Structure formats: structure tokens, C-alpha cells
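I opened my notebook to write down what I looked up here. Each entry is short.

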Amino acid sequence: MNEGAQAEGIAAAFLAERGLKLIEKNYHCRFGEIDLILRDGRTLVFVEVRLRRNRDYGGAAASITPHKQGKLLRAARHYLQQLNGTPPCRFDVVLLSALEGIEPEWIRNAFGE
């Protein structure tokens, strides 16, 4: 299993421990990919997972550029078009600086429209 898949697994387990329910992993469409889609009560949560061991370039949070945010927003819109009705939604980010020994950082409502 590659590091990205490991990081996504850690993030999914971390969020499940906090009551979120996993709906889908690695949703792909022509606009991009969403790492995790979960439910938090009635809210649909789109999650970007970032592993960045080296902070020389700003760490994991800095790697989610406005361009990346735009791709995630377009992919989320594509996902929502397939649903009957639009639930409340938010974009969260889970940041990891290592694959073990350090608790992930969870940023709720990290960005949006």
C-alpha cells in the first residue's frame, strides 16, 4: 500500500472514531479526485487528506492551493449532481506529518464557496 493510501486509511479511521460515517473513498471524475466522502449527521463532508513530512515548503496545509481547492469544488459539484437533493455540505482537511505516532490535524470547514 502506498503512503497516500495509508494516509487516507488513517484519516478515515480517525474521522470514524469521531462519529463520521464513510460513504466513499477516492471518488474520481473528470474534474479531479476527492479522497474521502463522509457523513457527519446530515452533513456531507468532502475530505482532502494531506501527508507532508517536510515543512520546508509550508507543511501539508500549504499544499492545498487555490487551484487544488477549485478542483475539489468542481469534483464535489459533480458528485452532488448524482444525488436526489443537495444536503448541507462542507470541506474538511486532515493533515498528517507522519504515518504513525502523531495524531492527525483535522480542520473543519477548511474552505468552500
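How exposed is Arg-18? I looked this up first. Arg-18 is partly exposed, because its relative accessible area is 35% and partly exposed covers the values between 20% and 50%. I keep in mind that this is a predicted model.

Entry: the partner of Arg-18.
I found a salt bridge between the side chains of Arg-18 and Glu-17, 3.3 Å from N to O. I then checked Glu-17. Glu-17 counts as exposed because its relative accessibility is 63%, and the cut-off for exposed is over 50%.

Entry: other salt bridges.
I searched the whole structure and noted six salt bridges. One of them joins the side chains of Glu-48 and Lys-68, at 3.8 Å from N to O. This pair links distant parts of the chain. Glu-48 sits in strand S3, and Lys-68 sits in helix H3, which spans residues 66–81. The two are 20 residues apart. I asked myself whether they were buried or exposed: which is it for Glu-48 and Lys-68? Both are buried.

I also noted a salt bridge between the side chains of Asp-92 and Arg-90, at 2.8 Å from N to O. Asp-92 is buried, and Arg-90 is buried too. Then I looked for shared partners. Glu-17, Arg-18 and Glu-103 are joined into one network by salt bridges that share partners.

Entry: Ala-16.
I placed Ala-16 in helix H1, residues 3–17. Ala-16 is partly exposed, because its relative accessible area is 45% and the partly exposed range ends at 50%. I also looked at Ala-16 against Arg-39. They are 23 residues apart in sequence. In space, their C-alpha atoms are 9.7 Å apart.

Entry: the sheet.
In what order do the five strands of the open sheet lie? I read the order as S1-S2-S3-S4-S5, with mixed pairing. The edge strands are S1, residues 21–29, and S5. Each of these edge strands pairs on one side only. I noted the twist as well: it averages 30° from one strand to the next.

Entry: strand S4.
I looked at S4, residues 89–96, in more detail. How many of the eight residues of S4 are buried? Seven are, and the strand is mostly covered. Next I checked the neighbours of S4. S3, residues 43–51, pairs with S4 in the parallel sense, over eight bridges. There, Leu-44 stands opposite Cys-89 of S4. S4 and S5 run antiparallel and are joined by four bridges, S5 being residues 105–111. Here Leu-95 stands opposite Glu-105 of S5. I added a general reminder: strands of a sheet pair through backbone hydrogen bonds, in a parallel or antiparallel way.

Entry: helices on the sheet.
Which strands does H1 lie across? I listed S1, S2, S3, S4 and S5. H1 runs at about 15° to S2, which is residues 32–40. I then turned to H3. H3 lies across S1, S2, S3, S4 and S5. H3 runs at about 145° to S3.

Note on methods. Residues numbered from 1 in each chain as written. Predicted model: local features only at pLDDT ≥ 70, side-chain atom pairs only at ≥ 80, totals over all residues. Heavy atoms only, no water. Buried < 20%, exposed > 50% of the residue type's maximum accessible area, 1.4 Å probe, protein only. Pairing = 2+ DSSP bridges. Salt bridge = Lys/Arg side-chain N within 4 Å of Asp/Glu carboxyl O. Axes fitted to C-alpha atoms, helices over the stretch in contact; angles between N-to-C directions. Contact = heavy atoms within 4.5 Å.
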